[in-house]
Amino acid sequence: MALKALKCRKSKRQKSALRYKVIKKIADSKRKKLKEAKKLPKLKSKKQKLIQVPNICPFKREIIAEVEEYKQKQEELRQKDRERQKAQRQEELRSKTLQSMVADAEKRQDQFSPQTGEEDEYANVAGGGGKENSLKAYFKEFKKVVDAADVVLEVVDARDPLGTRCAEVAKIVREAPGQKRLVVILNKADLVPRDNLERWMKYLRRSGPVIPFKATTQSQKSNIGHKKFKSAKSFD
């Protein structure tokens with residue numbers, strides 16, 4: 001019975017070829033790691049080395065005090081340098097922000113200011129080269145839109161339609177080749193009384209079609225449509 005059990009038990013011994021192959025792979029892996037470690041730069045510790053003065057030195061206390069004083073002075077100099085750099089960065093950031101705001105305001109003013117004439121006259125209004133290029137690019141894109149469109153929508157504020165309109169837009173659309181139509185959109189129509197809105201629509205419809213609009217409506221798909229207004233009284 002015992003002999004039969006010994007015959008059924010499998011041996012845990014490995015073949016010599018397999019054992020040597022495993023040993024070789026382990027050695028190759030270690031060699032590869034050492035080779036990669038040599039390529040990496042060695043990181044130096046940031047901790048400063050302690051200055052050790054032998055006890056037999058007769059002026060040990062004076063030397064230690066002098067070293068501490070030197071360290072304190074160096075730390076004060078570094079702190080002042082950091083504060084100076086911080087103040088300089090804040091000043092540069094503040095001046096850069098103001099300059100960018102001024103440049104942006106001038107650019108928008110030059111682009112949307114009412115002007116007359118062709119593209120050269122638009123460009124001559126700007127003083128610098130950057131403003132001239134931006135204004136030319138804006139006018140060029142505007143002309144492309146007008147030439148490619150059949151209907152041009154001009155969105156104005158219903159609270160101040162004349163103040164938010166641009167007379168040059170209507171002029172350019174009328175003078176463009178082809179039958180171009182200019183439609184005035186009275187946005188924020190819900191913020192003015194209905195009687196005033198009807199009067200403004202009657203006044204503006206003398207020069208072209210006018211449509212009231214409320215941009216804050218959440219369900220636009222169900223609310224878009226034609227709506228007739230009652231005939232308003234004459235605009236005083």
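The following legends describe close-up views of a predicted model.

**View 1. The open sheet contains 3 strands in the order β1-β2-β3.** Pairing within this sheet is parallel. Strands β1 (151-157) and β3 (210-212) occupy the edges, and each has a single partner strand, so one side of each is left without a neighbour in the sheet. On average, neighbouring strands are turned by 25° against each other, direction ignored.

**View 2. Strand β2 (residues 181-187) pairs with β1 in the parallel sense.** The pairing of these two strands extends over 7 bridges. V151 has R181 of β2 as its bridge partner, and V152 is matched in the same way with L182 of β2. The pairing of β2 with β3 is likewise parallel and comprises 3 bridges. Here I185 stands opposite I211 of β3. Strand β2 is mostly covered, with 6 of its 7 residues buried.

**View 3. Helix α7 (residues 167-175) lies across β1 and β2.** The helix runs at about 155° to β2. Helix α8 (residues 194-204) also packs on the sheet, where it touches β2 and β3. The direction of α8 makes about 160° with that of β3.

**View 4. The buried residues of α8 are L197, E198, R199, M201 and L204.** Both nonpolar and charged side chains appear in this list, the latter being E198 and R199. The buried residues of α8 pack against α6 (161-164), β2 and β3. Of these partners, β2 is itself mostly covered, as 6 of its 7 residues are buried.

**View 5. L18, V22 and I26 form a nonpolar patch on the surface.** Together, these residues have about 250 Å² of accessible area. I26 belongs to helix α2 (residues 16-39). With a relative accessibility of 44%, I26 counts as partly exposed.

**View 6. A salt bridge links R31 and D28 in helix α2.** The closest N and O atoms of this pair are 2.7 Å apart. R31 and D28 are 3 residues apart in the helix, which means that about one helical turn separates them. R31 is exposed, at a relative accessible area of 51%, whereas D28 is partly exposed, at 34%. The R31–D28 contact belongs to a structure that holds 10 salt bridges.

**View 7. The side chains of E69 and K73 meet in a salt bridge in helix α3 (residues 60-112).** The N to O distance is 3.7 Å. Because E69 and K73 are 4 residues apart in this helix, they are separated by about one helical turn. Both ends of the salt bridge are accessible in part: E69 counts as partly exposed at 44% relative accessibility, and K73 is partly exposed with a relative accessible area of 48%.

**View 8. E75 forms a salt bridge with R82.** The closest N and O atoms of E75 and R82 are 3.5 Å apart. E75 is partly exposed, its relative accessible area being 38%. R82 likewise counts as partly exposed, at 42% relative accessibility. Salt bridges that share partners join E75, R78 and R82 into one network. Side chains of opposite charge can pair when their charged atoms come close.

Terms used. Residues numbered from 1 in each chain as written. Predicted model: local features only at pLDDT ≥ 70, side-chain atom pairs only at ≥ 80, totals over all residues. Heavy atoms only, no water. Pairing = 2+ DSSP bridges. Axes fitted to C-alpha atoms, helices over the stretch in contact; angles between N-to-C directions. Contact = heavy atoms within 4.5 Å. Patch = residues over 30% accessible without salt bridge, like charges linked within 9 Å, V, L, I, M, F, W, Y side chains within 5 Å. Areas by Shrake-Rupley, 256 points an atom, 1.4 Å probe, with all protein chains shown as cover. Salt bridge = Lys/Arg side-chain N within 4 Å of Asp/Glu carboxyl O. Buried < 20%, exposed > 50% of the residue type's maximum accessible area, 1.4 Å probe, protein only.
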